[in-house]
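Visitor: I should like to understand the terms applied to this structure and the criteria behind them. Please take me through them one at a time.

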Amino acid sequence: MGGTIDTNCVVVNGETTTYDLDLRDGTPCVLELELKLDGEPAKAWTATLWPSGAYAIARDLPQATTDAHGRARIETDDPGSFDLHLVPAAENATALEVRLLVELVRGTTPLARDLETGRVEGTIASWHGDSEHGWRYESGDKADFQASVAIHADSDGHFVLPIVPI
């Protein structure tokens with residue numbers, strides 16, 4: 001990390017020069033997440049911060065995994081708008097992704113969410129054995145989050161989505 005600092009002081013050989021440097025703007029932005037599903041801690045979910053509006057990133061994104069209490073701490077250098085991408089633990093056997101908009105400022109920003117969930121099971125009437133592509137569940141526009149998951153059906157078109165935020 002580098003850069004320049006504008007100063008209005010003069011350094012003279014053999015004399016002491018004092019300059020107060022305010023580093024408060026260098027404080028990182030920390031998201032303190034507490035995630036629950038139906039009142040219970042969301043364990044082992046991956047939480048990743050994406051800068052809002054970005055579709056491609058050429059660096060590692062800040063991320064963390066929720067602990068046994070559904071808590072995670074994510075740190076980033078710059079404040080601003082972020083899409084928080086939440087993905088369940090692999091043992092949940094779902095490709096669900098939940099996205100929340102968060103505004104981060106320097107210092108700590110707490111975010112506690114308790115997502116109510118349901119299960120969706122059904123059969124796609126127009127299903128053909130080769131129509132595995134393109135079917136998705138997506139949350140409605142009225143929610144303050146976005147959720148999406150690919151629907152994978154068996155040969156008869158039957159599918160199960162074990163976790164769906166409502």
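Guide: Let us begin with one strand pair: E1 and strand E8 (residues 107-115) pair in the parallel sense over 9 bridges. This is a predicted model, in which local features need pLDDT of at least 70 and side-chain atom pairs count only at pLDDT 80 or more, while totals for chains, interfaces and linings use all residues. Residues are numbered from 1 along each chain as its sequence is written, and side-chain values use heavy atoms, with hydrogens and water left out.

Visitor: Why are E1 and E8 said to pair?

Guide: Two strands pair if DSSP finds at least two bridges between them. E1 and E8 have 9 bridges, so the criterion of at least two is met. Within this pair, cysteine 29 stands opposite glycine 107 in E8.

Visitor: What makes E1 and E2 a pair?

Guide: Strand E2 (residues 40-41) has 2 bridges to E1, in the antiparallel sense; the requirement is at least two, so the two strands count as paired. Leucine 37 has glutamate 40 in E2 as its bridge partner.

Visitor: Which sense describes the pairing of E1 with E5?

Guide: Strand E1 (residues 29-37) and strand E5 (residues 71-76) run antiparallel and are joined by 6 bridges. Valine 30, for instance, has glutamate 75 in E5 as its bridge partner.

Visitor: What is counted as a strand or a helix, and how many of each does the chain have?

Guide: Helices (H or I, at least four residues) and strands (E, at least two) are DSSP runs, numbered from the N terminus. By that count the chain has 0 helices and 12 strands.

Visitor: Why is threonine 109 called buried?

Guide: Buried means under 20% relative accessible area, exposed over 50%, and partly exposed in between, with a 1.4 Å probe and protein chains only. Threonine 109 has 14% relative accessibility, so it counts as buried. This residue lies in strand E8. Across the chain of 166 residues, 33% count as buried.

Visitor: Why is threonine 27 described otherwise?

Guide: The relative accessibility of threonine 27 is 32%, and therefore it counts as partly exposed. Threonine 27 is placed in the segment before E1.

Visitor: What do these two threonines contact?

Guide: Contact means heavy atoms within 4.5 Å. With neighbours within four places in sequence left aside, threonine 27 is in contact with Arg106 and Gly107. On the same basis, threonine 109 is in contact with Val30, Leu31, Glu32, Glu103 and Leu104.

Visitor: How do you know that contacts join distant parts of the sequence?

Guide: Among contacts between residues at least 6 apart in sequence, 62% join residues at least 24 apart.

Visitor: What is noted about the backbone of aspartate 38?

Guide: Its phi is near 50 degrees, a positive value in a residue other than glycine. Aspartate 38 lies in the loop between E1 and E2, a hairpin with 2 residues between the strands. Its relative accessible area is 44%, so aspartate 38 is partly exposed.

Visitor: What of alanine 44?

Guide: Alanine 44 is not a glycine, yet has a positive phi of about 60 degrees. Alanine 44 is found in the loop between E2 and E3 and, at 32% relative accessibility, counts as partly exposed.

Visitor: What makes a set of residues a nonpolar core?

Guide: The members are buried Ala, Val, Leu, Ile, Met, Phe, Trp, Tyr and Cys residues joined through side-chain atoms within 4.5 Å. The largest such core has 33 residues, of which Trp45, Leu49, Leu84, Leu86 and Val98 touch the most other members. E1 gives the most to this core, with 5 residues. Leaving aside neighbours within four places in sequence, the contacts of leucine 86 include Leu33, Leu35, Trp45 and Val98.

Visitor: Which residues lie nearest the centre of the second largest pocket?

Guide: A pocket is an open set of points on a 1 Å grid over the protein atoms alone, where a 1.4 Å probe fits, with protein on both sides within 12 Å along at least five of seven lines; lining residues have an atom within 4 Å of a point. This pocket has 13 lining residues, with Gly53, Asp83, His85, Arg99 and Gln146 nearest its centre. E3, E6 and E7 each give two or more residues to the lining, and E7 supplies the largest share, 3 residues.
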